[in-house]
Amino acid sequence: MGERLLIKNGLLVDHATSQLADIYIEDGVIQEIGILEKDCPIIDATNMTVMPAFVDLHVHLRDPGFTYKEDLVSGSAAAVAGGYTTVNLMANTKPIISTLADAKDVVERMAEIGICDAYQCMSFTRSFDGKDLSHLNELEMDQEQQFIKFISDDGFGIRHGGIFYQGLEKCTELDRIVMIHAEDHDFSAIDMGMAEDLETARDCYVAEKVNGKIHFCHVSTKFSAETIIAAKQRGVPVTFEVTPHHLALTNDVTYKVHPPLRTEEDRQFLIDCIRNNWVDAIATDHAPHSVEDKEKGSPGMVGLETAFSVCYTALVKKEGIPMQKLSALMSKIPANLMRINKGEIAVGVTADLVIVDTEQEIVIQSDALHSKSKNTPFDGQKYFGKVIKTIKAGEIVFSRTL
Ligand code: DOR
């Protein structure tokens with residue numbers, strides 16, 4: 001008999017259910033749910049909420065190449081401290097990840113650390129050169145999608161529409177979703193809203209022609225969200241994520257991030273999109289930077305350790321959005337997009353869980369983050385919801401004192 005664990009008396013919440021019950025885990029898999037008595041190690045989750053661990057589609061762990069900002073060890077620690085046990089890593093490292101061997105190296109090093117599973121994006125064009133698609137053939141050697149689930153040129157929008165068309169055809173043949181950081185760089189210096197909206201419109205159009213799966217990262221404007229919704233309504237296989245910072249903050253706050261913090265109208269529209277089930281995922285765009293790099297203008301913020309508190313407070317507490325919906329956006333739908341057997345509390349599913357205390361008010365303290373970088377606009381802010389324990393395949397990988 002393998003490792004066993006009983007989680008007792010928690011309020012179990014996933015995308016579909018909310019019930020007071022116990023969870024019995026054996027061999028890393030949920031075996032029983034109900035009112036249970038077992039002779040094995042027990043976690044008492046009285047007055048706590050037990051959710052599927054979070055799955056983040058959009059994370060920068062900066063390894064290889066920029067490990068002074070973050071590395072796989074500090075990044076894993078940050079992930080589990082935030083309740084995440086699966087992360088999808090962006091390719092803007094040094095070298096840029098354009099080969100299966102480089103992707104495999106990152107995924108295997110994460111597996112060795114062992115507390116958080118990772119998949120690695122492969123770049124859409126080789127080394128983000130905007131032209132060369134030949135490296136995508138290597139995906140044939142990763143048929144089972146063991147290492148690479150998504151293809152993305154990340155912070156670089158795909159400048160040439162024709163290259164985007166050809167690459168999307170190829171990724172579609174190879175059964176991969178293309179993740180898009182929509183930013184037409186010809187417009188970045190003119191208007192960052194136009195930059196996002198123009199690429200979003202073009203890419204929805206091309207995806208419709210190709211019938212190719214695309215996923216929009218960090219959608220931040222009303223226009224872009226409306227454009228994607230219209231495409232969804234026409235049956236285009238398009239999905240999108242929003243970030244905790246675009247849900248909680250507006251451009252009243254001065255903090256550099258791409259895409260930028262937007263207006264209250266944009267923010268409210270994104271929340272309405274969540275209410276109306278248009279949004280597919282909340283993803284952090286965890287973007288660690290050193291103090292010096294931030295001073296020099298690097299965009300982005302760390303997000304893994306603050307996402308749950310920020311989203312729980314901004315959506316559930318303030319807007320009355322049901323916890324099940326938050327769970328769907330942070331676990332179930334991203335897990336489905338990644339085709340992993342995680343993201344819900346059900347018999348037969350991998351026992352990746354997070355125990356949270358939704359009653360506790362916390363003050364976010366950047367110094368206390370596990371991430372190597374402390375760049376967060378949430379420093380000193382009060383939020384509700386505290387991650388108490390993170391469990392991966394039935395093993396406790398993070399524990400915080402109450
Ligand atoms: O603000 C951002 N920073 N947005 C991105 O999309 C990239 C990220 C980074 O890599 O720093």
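**Exercise 1. Work out which residues Ser-74 touches beyond its neighbours within four places in sequence, and whether Ser-74 is buried or exposed.**

Solution. Start with the contacts: once neighbours within four places in sequence are set aside, Ser-74 is in contact with His-370, Ser-371 and Lys-372. Next, place the residue: Ser-74 belongs to helix H1. Finally, check the accessibility. The relative accessible area of Ser-74 is 9%, and the cut-off for buried is under 20%, so Ser-74 is buried. Keep in mind as you go that this is a predicted model.

**Exercise 2. Do the same for Thr-390: find its element, its accessibility and its contacts.**

Solution. Thr-390 sits in strand E15, which covers residues 382-392. Its relative accessibility is 0%, so Thr-390 counts as buried. With neighbours within four places in sequence left out, the contacts of Thr-390 include Val-80, Gly-83, Tyr-84 and Thr-85. Leu-353 and Val-354 are also in contact with Thr-390, as are Glu-395, Ile-396, Val-397 and Phe-398.

**Exercise 3. Test whether the end-to-end distance of helix H2 (residues 100-113) agrees with its number of residues, then find its buried side.**

Solution. Begin with the length. H2 has 14 residues, and at 1.5 Å a residue it should span 20 Å; the end C-alpha atoms are 20 Å apart, so the two values agree. Now list the buried residues of H2: Leu-100, Ala-103, Val-106, Val-107 and Met-110. These residues cover an arc of only 135° around the axis, which means they lie on the same side of H2. On the face turned away from that buried side are the exposed residues Ala-101 and Glu-112. What covers the buried residues? Among the elements that do so are helix H1 (72-81), strand E7 (84-89) and strand E8 (117-120). To finish, step just past the end of H2: Gly-114 has a positive phi of about 85° there.

**Exercise 4. Describe the surroundings of the ligand and find how much of its area the protein buries.**

Solution. First, collect the residues around the ligand. They include the histidines His-60, His-181, His-218, His-258 and His-289. Arg-62, Asn-92, Val-257, Asp-285, Ala-287, Pro-299 and Gly-300 also surround the ligand. Second, look at the polar pairs. An N or O atom in the side chain of His-181 is 3.1 Å from a ligand oxygen atom, and a polar side-chain atom of His-218 lies 3.5 Å from an oxygen atom of the ligand. For Asp-285, a side-chain N or O atom is 3.3 Å from a nitrogen atom of the ligand. Third, consider the area: the ligand taken alone exposes 290 Å², and the protein buries 93% of that.

Conventions: Residues are numbered from 1 along each chain as its sequence is written. This is a predicted model: local features need pLDDT of at least 70, side-chain atom pairs count only at pLDDT 80 or more; totals for chains, interfaces and linings use all residues. Side-chain values use heavy atoms; hydrogens and water are left out. Helices (H or I, at least four residues) and strands (E, at least two) are DSSP runs, numbered from the N terminus. The expected span of a helix is 1.5 Å times one less than its number of residues. Buried means under 20% relative accessible area, exposed over 50%, partly exposed in between (1.4 Å probe, protein chains only). The arc is that of the directions from the helix axis to the C-beta atoms. Contact means heavy atoms within 4.5 Å. A residue is near a molecule or strand if one of its heavy atoms lies within 4 Å of it. A polar contact is a pair of N or O atoms within 3.5 Å; within protein, one must be able to donate a hydrogen and the other to accept it, and residues adjacent in sequence count only if both atoms are side-chain atoms. Accessible areas come from the Shrake-Rupley method with a 1.4 Å probe; for residues, only the protein chains shown count as cover.
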